[in-house]
Amino acid sequence: MSCDFLALANLGVQGLHPYQAGKPVDELERELGISDIVKLASNENPLPLSEQVKAAITAELSELSRYPDANGYHLKQALASEYGVTAEQITLGNGSNDVLELLARAYVSTQDEVIFAQYAFVVYPLVTQAIGAKAVAVPAKDWGHDLDAMRAAITEHTRMIFIANPNNPTGTFLASADILAFLEQVPENIVVVLDEAYFEYVEQSERADSINWLQRFPNLVVTRTFSKAYGLAALRVGYAISSPAIADILNRVRQPFNCNSVALAAACAALQDKQYLAESVALNQQGMEDLVAFFEQHNLAYIASKGNFITFDTGRDGQQVYQALLALGVIVRPIGGYGMPAHLRVSIGTTAENQKFKTALAQVLAL
Ligand SMILES: *Cc1c(COP(=O)(O)O)cnc(C)c1O
């Protein structure tokens with residue numbers, strides 16, 4: 001008889017399900033034999049790569065036989081000056097996903113509890129369960145975080161709290177003052193991770209001053225990414241900004257070369273290209289208004305979003321609508337795995353992509 005390799009796995013890992021990524025365009029091409037497919041499934045930036053980033057990548061190609069700078073010196077310097085922090089406060093990751101996992105691995109043990117909101121980003125339960133720690137999913141309020149209930153869920157075993165702002169997949173947003181009031185009430189021995197993957201899409205006046213809060217809250221960790229508004233999803237670069245003490249710990253568990261040299265060079269260039277960032281945000285705002293108007297026109301309930309995506313209620317089995325949209329060459333994201341079986345999440349695309357989505361959805365739902 002052969003070994004039961006499921007039973008041999010760590011207890012937490014045994015119960016895990018693999019992360020469900022958005023369907024790749026060429027996979028659908030292979031399956032349906034169609035072209036002209038629109039992917040609005042992974043909250044990617046619909047604009048092509050910035051020219052400055054392209055140049056930086058090309059320049060890096062001659063160095064690819066060398067290991068990358070394990071400490072990401074140039075990118076850390078650039079981020080430090082951008083945000084008014086020191087390089088010692090920055091942890092680079094292979095996407096911010098990497099950083100979220102490092103945080104859990106460094107600070108959470110089997111007997112600990114990790115708090116996050118119902119409908120919050122799926123990576124939080126994933127990294128928690130992989131460790132075998134107890135995941136505490138706090139019921140949502142209006143699809144978003146119920147910070148009072150999250151505070152009430154804190155026990156002596158709580159070691160980490162994840163907050164996504166804006167949240168994915170619901171797009172919900174917490175006011176800066178509410179997060180601040182929450183931080184004031186969390187004991188300092190609990191690490192609070194504020195995941196701001198969509199920070200750049202939030203209007204200036206509404207953005208949390210989260211980096212400045214680090215002075216007051218040494219247990220706070222802010223994570224951000226180059227995958228969304230900066231348009232580098234494929235290159236996998238994200239980062240945490242924290243107290244130097246936490247960054248030092250993360251550095252101990254981090255893989256030495258977790259950010260490759262092409263990604264490091266591209267991220268440095270992306271950070272300088274403010275015009276690309278502004279165009280990305282403007283295009284997103286336009287597309288968001290367009291889709292919101294469409295949902296309202298057709299009486300489809302949607303969840304107001306501050307991200308680069310919007311989640312709406314199909315009023316029927318979301319999986320079926322998803323499949324029907326696929327057949328028309330439009331890839332969106334079903335979120336039944338989040339306990340939202342009637343909803344679909346659609347990323348904001350270019351004007352043409354949004355149009356194709358609207359036409360396909362109208363056809364599928366017979367609007
Ligand atoms: C997309 C996303 C991330 C980051 O993804 P990376 O590509 O790994 O940087 C992190 N948090 C949330 C909530 C996201 O939606």
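**View 1. Arg 236, partly exposed in a loop.** Arg 236 is partly exposed, as its relative accessible area is 29% (buried is under 20%, exposed is over 50%, and partly exposed is in between, using a 1.4 Å probe and protein chains only). The model is predicted, so local features need pLDDT of at least 70 and side-chain atom pairs count only at pLDDT 80 or more, while totals for chains, interfaces and linings use all residues. Residues are numbered from 1 along each chain as its sequence is written, and side-chain values use heavy atoms, with hydrogens and water left out. You'll find Arg 236 in the loop that runs between strand E7 (220-225) and strand E8 (238-241) (helices, H or I with at least four residues, and strands, E with at least two, are DSSP runs numbered from the N terminus). Its backbone is a bit unusual to look at: phi of Arg 236 is near 60°, which is positive in a residue other than glycine.

**View 2. The ligand and its neighbours.** Which residues sit around the ligand? They are Gly 95, Ser 96, Asn 97, Phe 121, Asn 168, Asp 195, Ala 197, Tyr 198, Thr 225, Ser 227, Lys 228 and Arg 236 (each has a heavy atom within 4 Å of the ligand). Now for the polar contacts (pairs of N or O atoms within 3.5 Å; within protein, one must be able to donate a hydrogen and the other to accept it, and residues adjacent in sequence count only if both atoms are side-chain atoms). Asp 195 brings a polar side-chain atom to 2.6 Å from a nitrogen atom of the ligand. Ser 96 uses its backbone instead, with a polar atom there 2.7 Å from a ligand oxygen. Arg 236, already met in the first view, has an N or O atom of its side chain 2.7 Å from an oxygen atom of the ligand. On its own the ligand would expose 390 Å², and the protein buries 93% of that (areas by the Shrake-Rupley method with a 1.4 Å probe; for residues, only the protein chains shown count as cover).

**View 3. The largest pocket.** How much space lies in the largest pocket? About 1200 Å³. Of its 48 lining residues, Tyr 19, Gln 20, Val 122, Arg 333 and Tyr 338 are the closest to its centre. Helix H6 (96-107), strand E3 (113-117), helix H7 (123-131) and strand E12 (333-334) each chip in at least two lining residues. Sorted by class, this pocket's lining has 24 nonpolar, 16 polar and eight charged residues (Ala, Val, Leu, Ile, Met, Phe, Trp, Tyr, Cys and Pro count as nonpolar, Asp, Glu, Lys and Arg as charged, and the others, Gly among them, as polar). On a 1 Å grid over the protein atoms alone, a pocket is an open set of points with protein on both sides within 12 Å along at least five of seven lines, a cavity is a set where a 1.4 Å probe fits but cannot get out, and lining residues have an atom within 4 Å of a point. Points are joined across faces, edges and corners, and a volume is the space filled by probe spheres set on them.

**View 4. The largest cavity.** The whole structure holds three cavities of 30 Å³ or more, and the largest has about 70 Å³ of space. It is lined by 14 residues, with Ala 70, Asn 71, Leu 92, Arg 254 and Asn 258 nearest its centre. Strand E2 (residues 90-93) gives the most to this lining, namely three residues. The lining splits into six nonpolar, five polar and three charged residues.

**View 5. Two cis peptide bonds.** Asn 165 and Pro 166 are joined by a cis peptide bond, with omega about -5°. Another cis bond links Asn 168 to Pro 169, and here omega is about 20°. Pro 166 is in the loop between strand E5 (158-164) and H9, and Pro 169 is also in the loop between E5 and H9.

**View 6. His 145, buried or exposed?** His 145 is buried, with a relative accessible area of 7%. It belongs to the loop between strand E4 (134-138) and helix H8 (147-152). Its side chain reaches the backbone nitrogen of Ala 164 at 3.2 Å.

**View 7. Ala 366, after a helix.** Ala 366 comes in the segment after helix H15 (351-364). It counts as exposed, because its relative accessibility is 67%. Its phi is positive, about 50°, although Ala 366 is not a glycine.
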